[in-house]
Amino acid sequence: MNSPIPTADGSHTLFSHQFQAHYHSLHGAVQESNHVFIQNGLKHYCQKNLWAESKETINHNPRTINILEMGFGTGLNALLAYQYAQEHRLNLQYTAIELFPISLEAVKELNYPQKEILMQMHQADWENPIEISKGFDLIKHNDDINNSPLTTSSFELIFYDAFSPAEQTELWSLSIFEKLYAACAIQAMLVTYCAKGVVRRNMQAAGFEVERIPGPPGKREMLRATKNS
Ligand SMILES: C[S@@+](CC[C@H](N)C(=O)[O-])C[C@H]1O[C@@H](n2cnc3c(N)ncnc32)[C@H](O)[C@@H]1O
């Protein structure tokens with residue numbers, strides 16, 4: 001079994017023997033996920049597109065945000081997005097792609113909060129949409145992102161969480177970002193922990209405007225790409 005590994009903030013990660021890489025930063029799994037995907041992804045998207053004057057307000061009508069995650073892994077990003085959405089009265093339509101699902105036994109060992117929600121996410125059937133709780137709809141595709149058709153142009157936020165270019169060069173290519181760009185709505189954002197120059201240039205060549213922003217502890221920068229037209 002894939003045993004949990006503690007990271008510096010106390011939260012667990014896993015190690016992929018296949019890719020010889022950890023699923024999260026050893027400086028803190030929850031800390032990294034929260035910084036990259038929630039604070040600089042979901043929260044930022046809401047501030048730019050939903051909430052007037054960049055205020056986090058709970059006085060707006062619930063609005064559904066369409067999220068795509070590449071690399072569902074432990075489900076930590078989905079879980080933190082769920083928590084954030086609950087706290088801010090957002091509805092999420094969450095689509096996750098994962099080629100190598102982890103076992104339920106491995107999930108049970110993880111020390112993440114709201115384990116019952118996490119278990120529901122993992123127990124959900126592949127390819128079948130499910131309402132995890134009111135306002136959080138999940139669909140998981142057991143698929144290779146390289147072959148996944150992504151026949152929509154409605155994703156508003158993409159959590160791009162593949163293993164790094166050192167391990168999976170092909171998942172950071174121009175053709176992947178062209179495909180993701182086509183699957184995005186106008187004003188959509190893609191966030192990732194990776195800040196490599198070649199990745200940034202591939203995103204730009206695909207049409208995204210790309211910002212380098214401060215990364216989580218242990219990482220100087222991360223990338224946020226926006227589809228402006
Ligand atoms: C960095 S880990 C993801 C971490 C995950 N977001 C989490 O919070 O645990 C990368 C994930 O991408 C998955 N993956 C690798 N190659 C893939 C592919 N070609 N298509 C879809 N998923 C893939 C891996 O199995 C792994 O779960």
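Q: In this predicted model, which of the 18 residues around the ligand come nearest?
A: The shell around the ligand divides into eight nonpolar, seven polar and three charged residues. Of the 18 residues in this predicted model, those that come nearest to the ligand are Gly71, Gly73, Thr74, Leu99 and Phe100.

Q: Which strands are the edge strands of the open sheet?
A: Eight strands form this open sheet with mixed pairing, and their order is E7-E8-E6-E5-E9-E10-E12-E11. An edge strand here pairs on one side only, and this holds for the strand at residues 130–133 and the strand at residues 209–214, which are E7 and E11.

Q: In what sense do strands E9 and E10 pair, parallel or antiparallel?
A: Strands of a sheet pair through backbone hydrogen bonds, and this can happen in either of two senses, parallel or antiparallel. Phe155 has Cys184 in E10 as its bridge partner. Between E9 (residues 155–160) and E10 (residues 184–192) there are four bridges, and the sense of the pairing is parallel.

Q: Why is helix H5 described as oblique to helix H6?
A: The axes of H5 (residues 174–182) and H6 (residues 197–206) come within 8 Å of each other and cross at roughly 45 degrees. Because an angle under 35 degrees would count as roughly parallel and one from 65 to 115 as roughly perpendicular, this crossing makes H5, relative to H6, oblique.

Q: Which residues of H6 are met by residues of H5?
A: By class, the contact of H5 with H6 has six nonpolar, one polar and one charged residues. From H5 come Leu174, Phe177, Glu178 and Tyr181, and the residues they meet in H6 are Asn202, Met203, Ala205 and Ala206.

Methods. Residues are numbered from 1 along each chain as its sequence is written. This is a predicted model: local features need pLDDT of at least 70, side-chain atom pairs count only at pLDDT 80 or more; totals for chains, interfaces and linings use all residues. Axes are lines fitted to C-alpha atoms, for helices over the stretch in contact, and angles run from 0 to 180 degrees between N-to-C directions. Helices (H or I, at least four residues) and strands (E, at least two) are DSSP runs, numbered from the N terminus. Angles under 35 degrees count as roughly parallel, over 145 as roughly antiparallel, 65 to 115 as roughly perpendicular and the rest as oblique. Two residues are in contact if their C-beta atoms, placed from the backbone, lie within 7 Å. Ala, Val, Leu, Ile, Met, Phe, Trp, Tyr, Cys and Pro count as nonpolar, Asp, Glu, Lys and Arg as charged, and the others, Gly among them, as polar. A residue is near a molecule or strand if its C-beta atom, placed from the backbone, lies within 6 Å of it. Two strands pair if DSSP finds at least two bridges between them.
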